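I sat down with this one to jot down what I could look up. My notes follow, entry by entry.

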Amino acid sequence: MNVSNKRKNIAKPPLVQIKKRTNIPSWKAWLIRSMWFLSALFTGGCMISALGYKPITVFFEMAKGSIGTATAFRETVKIAIPLLGAAIAIAPAFRMRFWNIGAEGQIKIGAIAASYFALYWQTVLPRPLLLALMIISAMIAGGVWALIPAIFKSKWGTNETLFTLMLNYVAQGIVKYLQHGPWKNPSSTGFPRIAMFHPDARLPRVFGVHFGWIIILAIAIVMQIYLKYTKHGYEIAVVGESERTAKYASMNVSHIIIRTMLISGAIAGLVGCIQVSGADFTLSDNTASGVGFTAITVAWLAKLNTHSMIIISTFLACLTKGSNTIQTIFKIPASAAGLLTGIILFFALGSEFFIEYDLAFPFAKKSKSIIVE
């Protein structure tokens, strides 16, 4: 090998090496989170200053508008309920490494099923039975909708990410068809709308918030127990680590995938029922409001721990409610308020990355060049 070829084959050290951390102390993890949170506030404050407002005043109003009063706190809880429910729904699928991106569609399908009974059975059944039927039908509909990609994945190995994502648009199309077609309220003028639900088809209120918050909190506790302490939860974890290992242990992988997605879709469908019967009181194309996608961030930040999801979903709900408040008070554009929320989320995700991984800079170290023979 001549000198010129040797020069071409000199292996240069990479600019940055990403190494996974092992057993990082909890104090160090929280220190990283704190530093990144302060960095988020500083960056957001610079943006607010550029718009001509005082950052401290804006942040204070965001906090006050989300948790400063009992009324504001109740509205924040209403925002957190579907977000937490959707995060819980995708948790078992994600632990199994089945990337269920279709919670948005499963929520809408569940809302459609619940809306059918709310619109056409409201004068036939007593309130307890009507609400029970709405909840059961929503869970069945959401579960069946999630079964479609699960069956294709287990039988033919299709890509579940694209499959579940595309089903979101199908569910959205069904809602729009019903809104503009058979379920359109004849008395509505202008924009087509579906009629508001009868009071008997609405969830009762507890402490000023609809009963859905109790249902979702109960599911969060049950799901944590299910994933951590049951045989099914163990099987989900094994399949997520390695399907070959699961098959070697005589586990029916196809059955586990179908069963887990049925549970995931059923919870998402329940969230749809809670949303239309507890918050919106009708079905529309904005029923899910993107919570199915935002829930992915919640689940990832919580590391699929449902108890942590409660805190994170509440925090995101505070950001959403607070951003709406500063739009009203300071006349800050919705895009700027959304950007502020995005900055805080970006830094939160960044902190989790640096907790999991460490960056090394080999080029800064004095080392000899390696010649590849």
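## Notebook: lookups

I started with Lys-28, which counts as partly exposed at 33% relative accessibility. A reminder to myself: this is a predicted model. Lys-28 belongs to helix α2. I then checked Lys-28 against Ile-355: the two sit 327 residues apart in sequence, yet their C-alpha atoms are 8.4 Å apart in space.

**Overall picture**

I counted secondary structure next and got 14 helices and six strands. The C-alpha trace spans about 90 × 60 × 40 Å along its principal axes. The chain has 373 residues, and 45% of them count as buried. I also looked at contact range: taking contacts with a separation of 6 or more, 77% are between residues 24 or more positions apart.

**Helix α2 against α3**

Back to α2. I wanted two numbers here, since a pair of packed helices is described by the angle between the axes and the distance between them. For α2 (residues 26-50) and α3 (residues 55-67), the axes come within 9 Å and cross at roughly 110°. Angles of 65 to 115 degrees count as roughly perpendicular, so α2 and α3 are roughly perpendicular to each other. The crossing of α2 past α3 is right-handed. I listed who touches whom: α2 brings Leu-41, Gly-44, Gly-45, Ile-48 and Ser-49, and α3 brings Pro-55, Val-58 and Phe-59.

**Helix α8 against α11**

Another helix pair I looked up is α8 (residues 212-229) with α11 (residues 253-280). Their axes come within 11 Å and cross at roughly 165°. Over 145 degrees counts as roughly antiparallel, so that is the label for α8 and α11. Their crossing is left-handed. On the α8 side, the contact is made by Gly-212, Ile-215, Ile-216, Ile-219, Met-223 and Tyr-226. On the α11 side I noted Arg-259, Ile-263, Ile-267, Leu-270, Val-271 and Ile-274.

**Aromatic pairs**

How many aromatic pairs does a search of the whole structure find? I got 14. Phe-117 and Trp-121 are one such pair, tilted, with 5.7 Å centre to centre and 50° between the planes. Phe-117 is buried at a relative accessible area of 15%, while Trp-121 is partly exposed at 30%.

Phe-346 and Phe-347 make an edge-to-face pair, 5.8 Å centre to centre with 85° between the planes. Is each partner buried or exposed? Phe-346 is exposed, its relative accessible area being 56%. Phe-347 counts as buried, at 14%. I followed the ring pairs outward from there and found a cluster that links Trp-36, Phe-346, Phe-347, Phe-353, Phe-354 and Tyr-357.

**Charges over rings**

I noted two of these. Arg-33 has its charged end over the ring of Trp-30, 4.5 Å from the ring centre. Arg-202 does likewise over the ring of Phe-281, where the figure is 4.3 Å.

**Positive phi**

Next I went through backbone angles. Arg-97 is not a glycine, but its phi is positive, about 65°. Where is Arg-97 found? I placed Arg-97 in the loop between α4 (70-95) and α5 (103-120). At 48% relative accessibility, Arg-97 counts as partly exposed, because the exposed class begins over 50%.

Phe-207 also gets an entry: it has a positive phi of about 60° and is not a glycine either. Phe-207 lies in the loop between β3 (205-206) and β4 (209-210). With 71% relative accessibility, Phe-207 counts as exposed.

**Glu-160**

Last entry. Glu-160 is in helix α7 (residues 160-180). Buried or exposed? Glu-160 counts as buried, because its relative accessibility is 6% and the buried class is under 20%. Which residues is Glu-160 in contact with, leaving aside neighbours within four places in sequence? I wrote down Arg-97, Phe-98, Trp-99 and Lys-153. So Arg-97, the residue with a positive phi, turns up again as a contact of Glu-160.

Methods. Residues are numbered from 1 along each chain as its sequence is written. This is a predicted model: local features need pLDDT of at least 70, side-chain atom pairs count only at pLDDT 80 or more; totals for chains, interfaces and linings use all residues. Side-chain values use heavy atoms; hydrogens and water are left out. Rings of Phe, Tyr and Trp (its six-membered ring) pair if their centres lie within 6.5 Å; planes under 30 degrees apart count as stacked, over 60 as edge-to-face and the rest as tilted. Buried means under 20% relative accessible area, exposed over 50%, partly exposed in between (1.4 Å probe, protein chains only). A charge sits over a ring if NZ of Lys or CZ of Arg is within 6 Å of the ring centre and within 35 degrees of the ring normal. Axes are lines fitted to C-alpha atoms, for helices over the stretch in contact, and angles run from 0 to 180 degrees between N-to-C directions. Helices (H or I, at least four residues) and strands (E, at least two) are DSSP runs, numbered from the N terminus. Angles under 35 degrees count as roughly parallel, over 145 as roughly antiparallel, 65 to 115 as roughly perpendicular and the rest as oblique. A crossing is left-handed if the near helix is turned anticlockwise from the far one by less than a right angle, and right-handed if clockwise. Contact means heavy atoms within 4.5 Å.
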